Amino acid sequence: MACNELSCWCPAGSRGESPSPGLGPGPGAVPGPVADECAAAAAASVGPAGARLCLPEAGVALTVPEGAVARGQREQLFVAVLRDDAHRPKLPDGHTQLSPVVACGPRSAAFKKPVILNFHHCASLKHGRWSVSVWSCDSHGDEPSTWQKVVTLGEETINTPVFTQLDHSQVFLVSDQLARYVIVGESASATSKAVKALRLAVFGPSPLLHPQPVEYSVRVYTLEDTLAALEGVVQMESQLGGYLLDKPKTMLFQDGGASLCLSMEDIGPGWQSKPQADYQEIPFQHIWSSTHNHLHCSFTLERTDRHIHSVAFRILASQKGSQTHRQMFRIHADLRVASPSSTLVPSSPAATRPARALTVTTSSGCSSMVTTLDPNSSPFRFHRTLRKQLCQCLDPPNARGNDWRMLAQRLNVDRYINYFATKASPTDHILDLWEARHRDPTSVTDLLNILRVMGRSDAACLLEKELGPWL
């Protein structure tokens, strides 16, 4: 198939091949101001065949379905994670940011059918009751960020410009309007407070850069529980010479005003904490209404025995008054490390992945923007003829109801079924969303089984006939 899947990261000092003519990224695809403000971006020249622009380490992707770009046209598209604190929206009281700020563009891009932007959120949908909304900002460059609520989930109309599919840990925004987006939430009930997931990460100084330190500084980060947030702090710490002391851990944090308590305990021999410096509290509002991407606090240990070559302690985190919202880190760090690779955190896990690199010329603060293209894979499983045949099967309503409406129900995308009902081919749009949501190798087999359970052997036979090697 003629569609492309692109992934991007920003390692330091990267080199790559020149882009292939007419395929993939091109100079200037990521606007200079956006590139300056982001730590990860992907850009490509996309034609009628469609493409997926992916930031795998940030958990972000922009899916441009086949046929979204008009025949004979190309659009220079980009997707980026904005990590400057200035881009976080200033929210009303009681609201909290649940996702990274993700930008896609340009605003002038024209589509014949919607594209799909997906990224992670940190709302714990199993705990409490959330009122979730989508906010957008169409400012760019040096313009001040002016955020507006686009829609609150459950309050959509047929005129709502964005269809939102909220899954357990990801959100999928279906729209033909490119802008900056973020997910925001608040408690929907005073008696059932909402709960969000935080990611706690503990960093310390690299022994390579700070051998036998007199003091040992520990930084505990409180982040939204998303890949993009963690990747951002890992990149920042790598530039500071820091490294992870333990695996980052998730902790639930409930609306209601209780602060986050952090303490350092069980300090091993050879070290002591500074007086009255082993306990800290982060006020509730600093977390729930945070204006910082890298919110953290620090603990400092003082050496008492220069013959001790390791440091050990525990970090305990809990929400004040809660017996269940808590987490613990057991740290034992050897200060005599021979291999630099075992102590320094790489700027991105992707930096060590073998790939064919295509250099994109940008004005980014990173040394380069590098995009990889996998020539052996295609992001879209169904070619145009098969798509058309499936739509002809499932678009017409029937008395049994096992048409596109049942397909939407079985795929759990029927929260606002009127969105698909307004389309010329509901099945086509359902399959676009399916392509974006289901990326694992068993997805086609799962869809085949759904069609069988629906009693649509005609559609199932089409899949078996055309996609035998996939199944």
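## Helix H2 and its end

Glycine 241 follows helix H2 and has a positive phi, near 85 degrees. The model is a predicted one. H2 covers residues 227–240. The helix has 14 residues. From first C-alpha to last, H2 reaches 20 Å, close to the 20 Å expected at 1.5 Å a residue.

Which residues of H2 are buried? They are Ala228, Ala229, Leu230, Glu231, Gly232, Val233, Val234, Gln235 and Glu237. An α-helix has 3.6 residues a turn, so residues three or four places apart point the same way.

## The chain as a whole

The protein chain has 471 residues, and 54% of them count as buried. Its secondary structure comes to nine helices and 25 strands. Contacts reach across the sequence. Among those between residues at least 6 apart, 74% join residues at least 24 apart.

## The largest cavity

How many cavities of 30 Å³ or more does the structure hold? There are six. The largest has a volume of about 100 Å³. Its lining is made by 14 residues. Arg83, Pro100, Ala228, Ala229 and Asn293 lie nearest the centre of this cavity. Ala228 and Ala229 are also among the buried residues of H2.

Strand E5 (75–82) and H2 each supply at least two residues of this lining. H2 gives the most, with three residues. By type, the lining of the largest cavity divides into six nonpolar, five polar and three charged residues.

## The second largest cavity

The second largest cavity has a volume of about 80 Å³. Its lining consists of Arg88, Lys196, Leu198, Thr222, Leu223, Glu224, Ile287, Ser290, His292, Asn293 and Leu295. Strands E14 (195–205) and E15 (215–224) are the elements that give two or more residues to this lining. E15 gives the most, with three residues.

The residues here divide into four nonpolar, four polar and three charged. Asn293 belongs to this lining, and Asn293 is also one of the residues nearest the centre of the largest cavity.

## Cysteines

The structure holds zero disulfides. Why does cysteine 461 form no bond with its closest cysteine sulfur? That sulfur, in cysteine 393, is 9.5 Å from the sulfur of cysteine 461, too far for a bond. A disulfide needs the two sulfur atoms within 2.5 Å.

Cysteine 461 is partly exposed, with a relative accessible area of 45%. Cysteine 104 counts as buried, because its relative accessibility is 5% and the cut-off for buried is under 20%.

## The loop between E7 and E8

Strand E7 (101–105) and strand E8 (115–120) are joined by a loop that holds proline 106. Lysine 113 has its place in that loop as well. A cis peptide bond joins glycine 105 and proline 106, with omega about 10 degrees.

Is lysine 113 buried or exposed? Lysine 113 counts as buried, at 10% relative accessibility. The C-alpha atoms of lysine 113 and alanine 68 are separated by 4.8 Å, although the two residues are 45 apart along the chain. Leaving aside neighbours within four places in sequence, lysine 113 is in contact with Pro65, Glu66, Gly67 and Ala68. Its other contacts are Arg387, Asp428, His429 and Asp432.

## Positive phi outside glycine

Most residues other than glycine have a negative phi, and most peptide bonds are trans. Two loop residues depart from the rule on phi. Aspartate 266 has a positive phi of about 50 degrees although it is not a glycine. Aspartate 266 lies in the loop between strand E18 (260–265) and strand E19 (271–273). At a relative accessible area of 52%, aspartate 266 is exposed.

Where does glutamine 276 lie? Glutamine 276 is in the loop between E19 and strand E20 (279–282). Its phi is near 55 degrees, again positive in a residue other than glycine. Glutamine 276 is exposed, with a relative accessible area of 81%.

Notes
Residues are numbered from 1 along each chain as its sequence is written. This is a predicted model: local features need pLDDT of at least 70, side-chain atom pairs count only at pLDDT 80 or more; totals for chains, interfaces and linings use all residues. Side-chain values use heavy atoms; hydrogens and water are left out. On a 1 Å grid over the protein atoms alone, a cavity is a set of points where a 1.4 Å probe fits but cannot get out, and a pocket is an open set with protein on both sides within 12 Å along at least five of seven lines; lining residues have an atom within 4 Å of a point. Grid points are joined across faces, edges and corners, and a volume is the space filled by probe spheres set on the points. Helices (H or I, at least four residues) and strands (E, at least two) are DSSP runs, numbered from the N terminus. Ala, Val, Leu, Ile, Met, Phe, Trp, Tyr, Cys and Pro count as nonpolar, Asp, Glu, Lys and Arg as charged, and the others, Gly among them, as polar. Buried means under 20% relative accessible area, exposed over 50%, partly exposed in between (1.4 Å probe, protein chains only). The expected span of a helix is 1.5 Å times one less than its number of residues. Contact means heavy atoms within 4.5 Å.
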